[in-house]
Amino acid sequence: MTIVKKPMAEANRISVMLNTVFGVERFPVKVDELALEYSRQCFSDSPIAKVQGEDLDDFDGLLKANKTRSKWLILYNSATPSEGRKRFTIAHEFGHYILHRHRQSLFECGDGDIETGDNNGRDIEAEADLFASTLLMPLDDFRRQVDRQPVSFDLLGHCADRYGVSLTAAALRWVEIAPMRAVLVASRDDHMLWAKSSKSALKSGAYFATRKNTIELPHDALAHSFNAFGGADIQTGHAQSWFASEPAGMSVTEMTRVAGQYDYTLTLLLLPEAEWQGAHHDDEEPEEDTYDRFIRNGQFPVK
Ligand SMILES: [Zn+2]
């Protein structure tokens, strides 16, 4: 029987070890050294022998074994200008090594669809991403950075710097753990690329099914080109502009920041608690948002 390794548990196990060795002020994680050292110590018959940048045309990163599977190699795309993206890619490939190396000898990750050949309904690309974000941004430390502080892109930028990841990766991590209703939207040319809702936002029906639909930003959205010359990067508006099912009096706080290589815009929406949960029908499956497809395609959150 194959033992199924869980991404968060494996990343946390390594984090505990790093805390013991380096103390809690140990960020950003030196992920290339870690992959080499950890695999050499724990799996000496088949370690990662090299982590190397290369001009990869079609991929962000790959993990591959030699013929006898006695050594592994991680390559990342050195043409990527973002250090945060490189680090996330290395952590992602390290995740494949820890979680999935017994299934195959080659993992190619990046643009385009990845055939995982996975029959168990588990998505190894999403698992490798979860491993990477847990390893680079451990929950306990992340909470210490953001707890009891109003969220802002400056605060998330501080997290991105601390962990050596992209602003997008830090913002996604924040949305994952946010107790309040929050939705992160990435957009380009006035349309959503993907969106990610916090748990309570999803539960109240505040989410965007960007995988199934093409969704334009509301015309009064800060990130909409109609408002390009306003100059503000925060505003309070009507929640209904974004979510038709929100009650008329519900407000939304909206913050924006240009991200990627300045090629898309992030909008963070903060909603007050839902007055009622009527917008969501329990017999409906929550629709997967595009973030899931975004990570399935092996596109990592980029700076
Ligand atoms: Zn991958």
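User: Is Asp263 buried, partly exposed or exposed in this predicted model?
Analyst: Asp263 sits in the loop between β8 and β9. Buried would require under 20% relative accessible area, and exposed over 50%. Asp263 has a relative accessible area of 35%, so the residue is partly exposed.

User: Which residue forms a salt bridge with Asp263?
Analyst: The closest N and O atoms of the pair are 4.0 Å apart. The partner lies in strand β5 and is 75 residues from Asp263, so the pair links distant parts of the chain. With a relative accessible area of 38%, the partner is partly exposed. The partner is Arg188.

User: How many salt bridges are found in the whole structure?
Analyst: The pair of Asp263 and Arg188 is one case. Glu10 and Arg13 also meet through their side chains, at 2.9 Å from N to O. A search of the whole structure gives 11.

User: Why are Glu10 and Arg13 separated by about one helical turn?
Analyst: An α-helix has 3.6 residues a turn, so residues three or four places apart point the same way. Glu10 and Arg13 both belong to helix α1. Their separation is about one helical turn because they are three residues apart.

User: Is Glu10 buried or exposed?
Analyst: Its side chain meets that of Arg13 in a salt bridge. Glu10 is also in contact with Ile98. The relative accessibility of Glu10 is 8%, so the residue counts as buried.

User: Which residues are linked with Asp141 in a network of salt bridges?
Analyst: Asp141 is buried, with a relative accessible area of 2%. Its side chain meets Arg144 at 3.5 Å, N to O. These two are three residues apart in helix α5, about one helical turn. The network links Asp141 with Glu25, Arg144 and Arg162.

User: How many residues of helix α6 are buried?
Analyst: Helix α6 covers residues 153-163. Among its buried residues are Phe153, Leu156, Cys159 and Tyr163. Arg162, part of the salt-bridge network, is buried too. The helix is mostly covered, and of its 11 residues the buried number is eight.

User: Which elements do the buried residues of α6 pack against?
Analyst: Among the helices are α3 (83-100), α4 (124-136) and α5 (139-146). Helix α7 is another partner. Two strands complete the list, β8 (251-259) and β9 (264-271).

User: Which helix gives the largest share of the largest nonpolar core?
Analyst: This core has 61 residues. The residues with the most contacts inside the core are Ile14, Phe94, Ile98, Trp174, Leu266 and Leu268. The largest share is eight residues, and it comes from helix α7 (residues 167-177).

User: Which domains each give at least three residues to this core?
Analyst: The core counts Ile98 among its residues with the most contacts. Leaving aside neighbours within four places in sequence, Ile98 is in contact with Lys5, Glu10, Ile14, Tyr38, Phe43 and Phe131. The contributors are domain 1 (7-139) and domain 2 (181-280).

User: Is Asp189 buried or exposed?
Analyst: Asp189 is found in the loop between β5 (181-188) and β6 (191-197). Most residues other than glycine have a negative phi. Asp189 has a positive phi of about 50 degrees. At 64% relative accessibility, the residue counts as exposed.

User: Is Asp190 buried or exposed?
Analyst: Asp190 is found in the loop between β5 and β6. Its phi is positive, about 70 degrees, although it is not a glycine. The relative accessible area is 15%, so Asp190 is buried.

User: Which residues does a cis peptide bond join?
Analyst: Most peptide bonds are trans. Here omega is about -5 degrees. The second residue of the pair lies in the loop between α1 and α2 (31-42). The bond joins Phe27 and Pro28.

User: Which residues form a nonpolar patch on the surface?
Analyst: The patch has about 310 Å² of accessible area. One member lies in helix α1 (residues 7-22). That member counts as exposed, because its relative accessibility is 58%. The patch consists of Met17, Val21 and Phe22.

Technical notes: Residues are numbered from 1 along each chain as its sequence is written. This is a predicted model: local features need pLDDT of at least 70, side-chain atom pairs count only at pLDDT 80 or more; totals for chains, interfaces and linings use all residues. Side-chain values use heavy atoms; hydrogens and water are left out. Patches are made of residues with over 30% relative accessible area and no salt bridge: like charges are joined within 9 Å, nonpolar side chains (Val, Leu, Ile, Met, Phe, Trp, Tyr) within 5 Å. Accessible areas come from the Shrake-Rupley method with a 1.4 Å probe; for residues, only the protein chains shown count as cover. Helices (H or I, at least four residues) and strands (E, at least two) are DSSP runs, numbered from the N terminus. Buried means under 20% relative accessible area, exposed over 50%, partly exposed in between (1.4 Å probe, protein chains only). A nonpolar core is a set of buried Ala, Val, Leu, Ile, Met, Phe, Trp, Tyr and Cys residues joined through side-chain atoms within 4.5 Å. Domain bounds come from an automatic or database domain assignment. Contact means heavy atoms within 4.5 Å.
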